Amino acid sequence: MKLTAYHRPATLAEARRLLVTLGPTAMPLAGCTSHSFVKGDDARIGVDLARIGYDGIAHANGQFVIGANARIADLQEYHAPGWVLDRVALRFVSQPIRNMTTIGGNIARIFPWNDFPVALLALNATMTIAGETERKIPADQYFDGQPGRLFKEGDILIAIAVPEVGESCGFSYHKETLVHMDFSRLTVAVWLRREGKKVADVRIALGAAIPLPDRLEELEGALIGQVYSPDVVAGAMGAQLAKLRWRSTDVWSEEYAQQLARVHVADAIGEAYRAAGGDRK
Amino acid sequence: MNIEFTLNGKPRMLSISPNEKLTEALRRLGIFSVKTGCNEGACGSCVVSVNGRTVQSCMMYAAQVDGCSVETVESIGSLDHPHPIQNALVEEGAVQCGFCMGGLIMSAKAVFDKNPSPSDEELKIHLDGHLCRCTGYEKIQSALRKLAAGGKA
């Protein structure tokens with residue numbers, strides 16, 4: 001991709017007009033950190049969204065609303081009761097990259113190694129897209145394929161709403177890399193609500209080791225209503241994981257990916273369960 | 001296209017191609033501390049500060065800094081008046097070829113600007129992503145740890 005022109009709109013309306021006018025040659029720019037992975041020499045016109053606003057984090061009515069232009073470093077540095085995305089942010093590449101990458105950019109186009117889709121799936125986030133009307137799209141729908149399919153010309157992702165991790169709820173995030181700042185090789189995020197020793201509700205998402213991030217709904221169904229124990233998790237997990245299509249990489253086979261997922265998923269569920277009982281949320 | 005920005009405290013105007021990366025533009029302006037290493041955001045040798053935040057200049061379009069303040073290692077110390085971070089690295093023997101140092105010092109400065117006595121964990125968080133092929137990192141960590149213990153950066 002080669003930028004042949006560059007625009008820097010100051011408002012959402014101006015950005016939308018530019019995207020509509022320029023059509024498919026327009027390339028919306030956020031943090032730009034994924035551009036080196038976009039291959040090809042096709043000429044594009046950059047529309048830099050950095051100055052249209054939507055870069056803060058607001059907390060009200062039991063949820064956090066994150067502007068799509070918020071940097072990963074903003075998520076890392078933000079602290080509030082029920083906020084857990086700082087943990088995901090802290091494992092995100094390196095500080096200079098966290099200072100550049102936006103959460104909107106990380107979820108507008110999904111590469112297998114993107115970190116936030118998995119966390120947002122587990123947390124049941126809702127994405128807001130500004131178009132002719134403003135549309136709110138639940139994570140399950142948003143991440144059920146490349147998000148680009150949901151965007152018409154001129155549409156822009158402007159916000160991500162994430163519910164607080166509240167009382168009796170826990171969250172856990174695991175990321176497997178070869179070295180600390182490596183791309184994700186496997187990610188797991190778990191949100192869990194407990195009632196006593198029972199799993200009252202759970203959302204488990206897996207990414208990087210499979211082509212697109214996805215929830216393990218069969219496993220979730222098998223756990224809901226059960227008294228938690230590692231044996232219950234282990235017994236319920238095998239069938240679900242065997243059905244997934246695993247990605248082999250330069251360093252491991254599909255079978256290894258599945259075995260590794262078994263360990264991380266079990267550990268992450270256990271951690272979320274303990275957090276829901278009062279350990280670190 | 002033309003951009004205007006502040007480079008190391010001085011206003012600059014530059015004619016750029018829309019596709020030009022910040023690393024290339026800075027080197028065109030004679031800022032040779034900014035190195036092109038991996039050119040994909042992995043090595044840290046191109047790190048500069050934009051509006052007070054460290055960024056990988058190899059991944060940023062020069063057009064993005066229009067109206068911004070850009071700082072490179074040239075702004076924080078010189079041979080005659082090195083910054084305490086630079087002194088600490090030299091005293092510890094933490095510099096060999098120096099290729100990584102421009103970016104690494106900018107990241108180290110960002111940590112010490114926030115906290116003059118950063119913990120090992122804070123140093124690790126902020127310096128992860130800087131590859132040094134000469135020193136094996138021990139001397140760098142040791143230098144910054146000593147500086148943090150003194151709280152005089």
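Okay, let's start at a hairpin in chain B, the one formed by β3(B) and β4(B) with 2 residues between them. One of the turn residues, B:Asn51, has a positive phi of about 50°. Keep in mind that we're looking at a predicted model, so every number I give comes from a computed structure.

What holds that hairpin together on paper? Strand β3 covers residues 47-50 of chain B, strand β4 covers residues 53-56, and 4 bridges join them. They run antiparallel. If you want a pair to click on, take B:Val48, whose bridge partner in β4(B) is B:Val55.

How far does the predictor trust chain B? Its mean pLDDT is 94, and 98% of its residues reach 70 or more. For the model as a whole, the scores are ipTM 0.95 and pTM 0.94.

Now over to chain A, and its sheet. Which order do the strands take there? It's an open sheet of 5 strands, and going across you meet β4-β5-β8-β6-β7, with antiparallel pairing. The edges are β4 (57-60) and β7 (134-138) of chain A; each has a single partner strand, so one side of each is left without a neighbour in the sheet. Ignoring direction, neighbouring strands are turned by 20° against each other on average.

Stay with that β7 edge for a second. Strand β6, residues 126-130 of chain A, is joined to β7(A) by 5 bridges, and the two run antiparallel. A:Met127 is a good place to look: its bridge partner in β7(A) is A:Ile137.

Next, helix α1 of chain A, residues 12-22. Which of its residues are buried? They are A:Ala15, A:Arg16 and A:Leu19. Look down the axis of α1(A) and these buried residues fall within an arc of 100°, so they line one face of the helix. And what covers them? The cover includes β2 (26-29), β3 and β8 (156-163) of chain A. So β8 turns up twice in this talk: it is in the sheet order and in the cover over the helix. Just after α1(A) comes A:Gly23, with a positive phi of about 65°.

Last stop, the place where the chains meet. There, 22 residues of chain A are in contact with 22 residues of chain B. On the chain A side, β1 (2-7), β3 (43-48) and α4 (95-100) each supply at least two residues. By type, that side of chain A divides into 11 nonpolar, 8 polar and 3 charged residues.

Key: Residues are numbered from 1 along each chain as its sequence is written. Chains are lettered from A and ligands numbered from 1 in the order in which they are written. This is a predicted model: local features need pLDDT of at least 70, side-chain atom pairs count only at pLDDT 80 or more; totals for chains, interfaces and linings use all residues. Two residues are in contact if their C-beta atoms, placed from the backbone, lie within 7 Å. Helices (H or I, at least four residues) and strands (E, at least two) are DSSP runs, numbered from the N terminus. Ala, Val, Leu, Ile, Met, Phe, Trp, Tyr, Cys and Pro count as nonpolar, Asp, Glu, Lys and Arg as charged, and the others, Gly among them, as polar. pLDDT is the predictor's confidence in each residue, from 0 to 100. Two strands pair if DSSP finds at least two bridges between them. A residue is buried if 20 or more other C-beta atoms lie within 10 Å of its own, exposed if 12 or fewer, and partly exposed in between; C-beta atoms are placed from the backbone. The arc is that of the directions from the helix axis to the C-beta atoms. Axes are lines fitted to C-alpha atoms, for helices over the stretch in contact, and angles run from 0 to 180 degrees between N-to-C directions.
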